[in-house]
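Biologist: Hey, got a minute to walk me through this protein? I'm new to reading structures, so plain words please.
Modeller: Sure, pull it up and ask away.

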Amino acid sequence: MKFSRRNLIKSLAALGSVGFSTKVLAQDKSNPNNLPPNLPEWTPDLGAGVDENPYGSPSEFESNVIRRNVPWLTASSQSSVNFTPLQDLEGIVTPNGLCFERHHGGVAEINPTDYRLMVNGLVNREMIFSIEDLKRFPQVNKFYFLECAANGGMEWKGAQLNGCQYTFGMVHNVQYTGVKLSDLLRETGLKPKAKWVLAEGSDTSGMTRSIPIEKILDDCLIVWAMNGEALRPEQGYPARLVVPGWEGNMWIKWIRRLEFGDKPYMTREETSKYTDLLTDGKARMFTWVMEAKSVVTSPSPEKPILYKGTQQLRGLAWSGKGKIKRVDVSLDGGKNWRTAQLHAPIMTKSLVRFTLPFEWRGEELLIQSRAMDETGYVQPYIQDLQKIRGKNSIYHNNSIATWLVSKSGKVDNVRLG
Ligand code: MTE
Ligand code: CO
């Protein structure tokens, strides 16, 4: 179409009549007394006072925007997981009260006065740091995503859980405040033989993981704050380890100790759990990096299409290897692709927001999104992953999902092929 004023007016008129008036599914539950030109009921009387809620919470009309769990995935409330409501979030920041939680032995309750981080093993000086000691080191403020290696784990065998929250919600993206381990370790010094670190949590689960020294010195942090306030107890208050781009299990919460050694410690979490069992009976170990992945958060099973006409498709993409370079979206199950708009800021190992406007005329759609990162890695289909890894896997599913949009606007999680 040639761009002319006449055409612009014509397309704006089309937007007006198709985009904003034809309701397909939405039941209008508005109270007509509150609509223009009436004076709405909240105007005549004074509102609530400022001191009634000193911390602050979301509007009561947002009470469905919460973490949710899947009963059959929850062994007990102590060994449990819940999911971030990605479908209800905007931008790239996960609010602290909505960050999914995964703990293996409940939430440790720690008085920060009694908190210490011990550094021992192959260091020149074994040291113990309090929170106040940590705060004397140069501070960094960094956005990173944390994704559990089991995110999407239920989807390996087919489309299992009908929700964006349940299939993608074991990820959150937070601005952390803390210290670089490379700075902290200048204080202790490292013996030349130090090649691995054992990071140990102080909760009952005895969570321990081995991390190679190169990663520790590259970008790992000890943090005490998220999104501008102290860590939440569920996220490891008063201090946790941040391992950017690597599987969430390594981000030890309530961290009490870093031991330096010359080989991996072969803990339970890296030898039996968080490994990928292949068809020949062998398991891949030490598959730490969370590779490029993306999800369309709206439309999604929780966000049906309510109107015909112009839609703003929204989604999130991330890569443990660096920055997201491009996200393509298909509306026809992968036959045709359009490049979505990426929204700044585009930061390394952080969620990135993408959007794509499209016209919906009430036809069936098969929505997919495919992320590419700065290394050139392209998000695969599950069939591509299964060719290499077989069908025994639970962890590290970064495959492309498909949302089927029915003619009514309803959206379902489906598996193609
Ligand atoms: N650290 C300790 N000490 N105990 C735990 O149970 N769970 C791990 C990791 N660190 C865990 C832990 C797992 S499996 C994940 S995915 C992340 O923490 C979850 O972090 P979150 O609860 O902040 O989302
Ligand atoms: Co996890």
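**Cysteines, a helix and some salt bridges**

Modeller: Let's start with Cys 164, which counts as buried because its relative accessibility is 0%. Keep in mind that this is a predicted model.

Biologist: Which cysteine sulfur is nearest to that of Cys 164?
Modeller: That of Cys 99, and it is 15 Å away, with Cys 164 in no disulfide.

Biologist: And how many disulfides are there by this rule?
Modeller: The count is 0. Cys 99 is in no disulfide either: the nearest cysteine sulfur to it belongs to Cys 148, 14 Å away. A disulfide needs the two sulfurs within 2.5 Å.

Biologist: Is Cys 99 buried or exposed?
Modeller: Buried, because its relative accessibility is 0%.

Biologist: OK, new topic. What is the mean pLDDT of the chain?
Modeller: The mean is 92, and 94% of the residues reach 70 or more.

Biologist: Where does pLDDT stay under 50?
Modeller: Over residues 1-19. For that stretch the model has 14 contacts beyond four places in sequence.

Biologist: Now helices. Which residues of α7 are buried?
Modeller: In α7, which runs over residues 382-389, they are Ile 382, Leu 385, Gln 386 and Arg 389. They sit on the same side of α7, because they cover an arc of only 100° around the axis.

Biologist: What's on the other side of α7?
Modeller: Lys 387 and Ile 388, which are exposed there.

Biologist: And what do the buried residues of α7 pack against?
Modeller: Against two strands, β13 (276-277) and β14 (283-284). Just after α7 comes Gly 390, with a positive phi of about 75°.

Biologist: Switching to charges: how many salt bridges does the structure hold?
Modeller: It holds 22. One of them joins the side chains of Asp 183 and Arg 186, at 2.4 Å from N to O.

Biologist: Where do Asp 183 and Arg 186 lie?
Modeller: Both are in helix α4 (residues 181-188), 3 residues apart, about one turn of the helix. An α-helix has 3.6 residues a turn, so residues three or four places apart point the same way.

Biologist: Is Asp 183 buried or exposed?
Modeller: Asp 183 counts as buried, at 15% relative accessibility, whereas Arg 186 counts as exposed at 63%.

Biologist: Got another pair?
Modeller: Lys 410 forms a salt bridge with Asp 412, the closest N and O atoms being 2.9 Å apart. Lys 410 is partly exposed, with 44% relative accessible area, while Asp 412 counts as buried at 16%.

Biologist: Which residues do shared partners join into one network?
Modeller: Glu 200, Arg 256, Arg 257 and Glu 259, through their salt bridges.

Definitions and conventions:
Residues are numbered from 1 along each chain as its sequence is written. Chains are lettered from A and ligands numbered from 1 in the order in which they are written. This is a predicted model: local features need pLDDT of at least 70, side-chain atom pairs count only at pLDDT 80 or more; totals for chains, interfaces and linings use all residues. Side-chain values use heavy atoms; hydrogens and water are left out. pLDDT is the predictor's confidence in each residue, from 0 to 100. Contact means heavy atoms within 4.5 Å. Buried means under 20% relative accessible area, exposed over 50%, partly exposed in between (1.4 Å probe, protein chains only). Helices (H or I, at least four residues) and strands (E, at least two) are DSSP runs, numbered from the N terminus. The arc is that of the directions from the helix axis to the C-beta atoms. A salt bridge is a side-chain nitrogen of Lys or Arg within 4 Å of a carboxyl oxygen of Asp or Glu.
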